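Reader: I'm a first-year student and I'd like a close look at one part of this protein: its pockets. Could you walk me through them, and then show me some of what lies elsewhere in the fold?

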Amino acid sequence: MEQLAEYFNETLGTEVKISQVREEELSSLPLAYANLYKLYATKIFNRKVLLVYVNEEFTTEKLRKQLEIIEQNMHLPCIAVFDTLESFTRARLIEKKIQFIVPGKQMFLPEFLIDLKEYGTKAKTIAPNMQPSAQLLLLYHLQIESLEGINFKEIADKLLYNGMTITRAAYYLHNVGLCEIQGTKEKYLHFKMEKRKLWEEAEPLMSTPVKEINYYNGFSPIEYFSGVCYANITALSNYTDINPDVVEYFAVRTGYVEQQLLGPNFKKSNHLEGNICIEDWKYNPAILKTDRNVDPLSLYLCFRESKN
């Protein structure tokens with residue numbers, strides 16, 4: 001691990017300490033995993049992570065699942081460490097978003113926005129679209145309630161996410177410079193920018209929340225289901241003076257239609273015959289809704305790339 005520590009220092013300009021995880025700390029893991037991998041703990045940019053040393057043959061999908069189980073049991077993000085890797089295997093790991101390091105050759109850490117190629121001299125910053133959980137967190141802070149000084153557990157409860165998802169969202173926002181993470185045992189967010197400036201900085205990283213659109217024939221669900229919000233043209237007509245469409249538009253979280261709405265009086269249709277259009281969103285629109293409408297900033301993101 002000395003070579004890895006030197007690699008961190010040379011490429012990221014940060015000195016790290018790496019220590020092997022003690023056996024008693026591995027009690028939450030399946031016994032086979034504890035025997036299969038050597039686990040090390042370190043901090044990258046003040047964030048604790050697990051380094052999982054892989055010295056056996058593997059398939060990328062099996063490794064992905066095993067790392068996921070380790071993360072869930074140890075409550076820490078995992079980074080696979082290899083002595084060497086074939087270029088094809090590296091491509092497969094990147095395709096599956098598996099974080100990994102080959103000391104001296106390559107470092108792929110998307111959660112830290114780092115992608116250092118072989119023979120590179122500087123870490124390249126990745127600027128992907130904002131994760132749905134991070135987007136929801138920021139839009140909640142901007143429109144519903146300030147999350148300044150609120151610990152991660154409280155934020156998770158407010159947004160109906162688990163703790164690991166909120167931790168990843170918070171570190172994404174931290175790594176792109178939209179907030180700071182403070183605290184030691186109990187982490188919380190600090191926003192240095194005022195809300196208008198924060199929105200201006202964040203908006204280019206955000207994307208439409210709409211994952212899928214489907215049409216249905218049936219009753220208007222807004223009167224009976226709290227998880228449904230007016231969306232699209234219907235919401236826009238409620239916010240402005242434009243006329244609504246004949247079709248009613250709604251937004252729900254992914255899976256809501258199948259769990260709550262489908263039945264004899266609400267059936268799937270098509271865009272020519274349906275009287276209801278439902279957008280499945282990447283995050284839960286009901287958490288941000290204003291009256292019965294999706295929030296204004298998410299609605300803007302839905303229309304931002306529209307040519308109409």
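Author: Let's start with the word itself: a pocket here is an open set of grid points where a 1.4 Å probe fits, with protein on both sides within 12 Å along at least five of seven lines. Keep in mind that you're looking at a predicted model.

With that settled, the largest pocket holds about 790 Å³ of space. Its lining is made up of 25 residues, and the ones nearest the centre are Lys97, Pro110, Glu111, Gln131 and Arg168. If you want to find the walls by element, look for α3 (60-74), α5 (132-143) and α7 (163-175), which each give two or more residues to this lining. The top contributor is α3, with five residues. Sorted by class, the lining of the largest pocket has 11 nonpolar, seven polar and seven charged residues.

Now hop over to the second largest pocket, where there's about 630 Å³ of space. This one is lined by 20 residues, and closest to its centre you'll find His75, Phe152, Thr167, Lys185 and Lys187. At least two lining residues come from each of β3 (47-53), α3, α6 (152-159) and α7. Here α7 gives the most, with four residues. The mix in the second largest pocket is five nonpolar, seven polar and eight charged residues.

Let's pick up α5 again, since it helps line the largest pocket. Its axis comes within 9 Å of the axis of helix α11 (residues 296-303), and the two cross at roughly 130 degrees. An angle that is over 115 but not over 145 counts as oblique, so α5 and α11 are oblique to each other. On the α5 side, the contact uses Gln135, Leu139, Leu142 and Gln143, while α11 brings Pro296, Leu297, Ser298 and Leu301. By class, that contact has five nonpolar residues, three polar ones and no charged ones.

Last stop: a sheet. Five strands form an open sheet with mixed pairing, in the order β12-β13-β15-β11-β14. At the edges stand β12 (229-230) and β14 (266-268), each with a single partner strand, so one side of each has no neighbour in the sheet. Strand β11 (residues 210-218) runs antiparallel to β14, and three bridges join them. To spot this pair, find Gly218, which stands opposite Phe266 in β14. Packed on the sheet is helix α9 (residues 232-239), which touches β12, β13 (248-253) and β15 (276-281). The direction of α9 makes about 105 degrees with that of β13.

Technical notes
Residues are numbered from 1 along each chain as its sequence is written. This is a predicted model: local features need pLDDT of at least 70, side-chain atom pairs count only at pLDDT 80 or more; totals for chains, interfaces and linings use all residues. Side-chain values use heavy atoms; hydrogens and water are left out. On a 1 Å grid over the protein atoms alone, a cavity is a set of points where a 1.4 Å probe fits but cannot get out, and a pocket is an open set with protein on both sides within 12 Å along at least five of seven lines; lining residues have an atom within 4 Å of a point. Grid points are joined across faces, edges and corners, and a volume is the space filled by probe spheres set on the points. Ala, Val, Leu, Ile, Met, Phe, Trp, Tyr, Cys and Pro count as nonpolar, Asp, Glu, Lys and Arg as charged, and the others, Gly among them, as polar. Axes are lines fitted to C-alpha atoms, for helices over the stretch in contact, and angles run from 0 to 180 degrees between N-to-C directions. Angles under 35 degrees count as roughly parallel, over 145 as roughly antiparallel, 65 to 115 as roughly perpendicular and the rest as oblique. Contact means heavy atoms within 4.5 Å. Two strands pair if DSSP finds at least two bridges between them.
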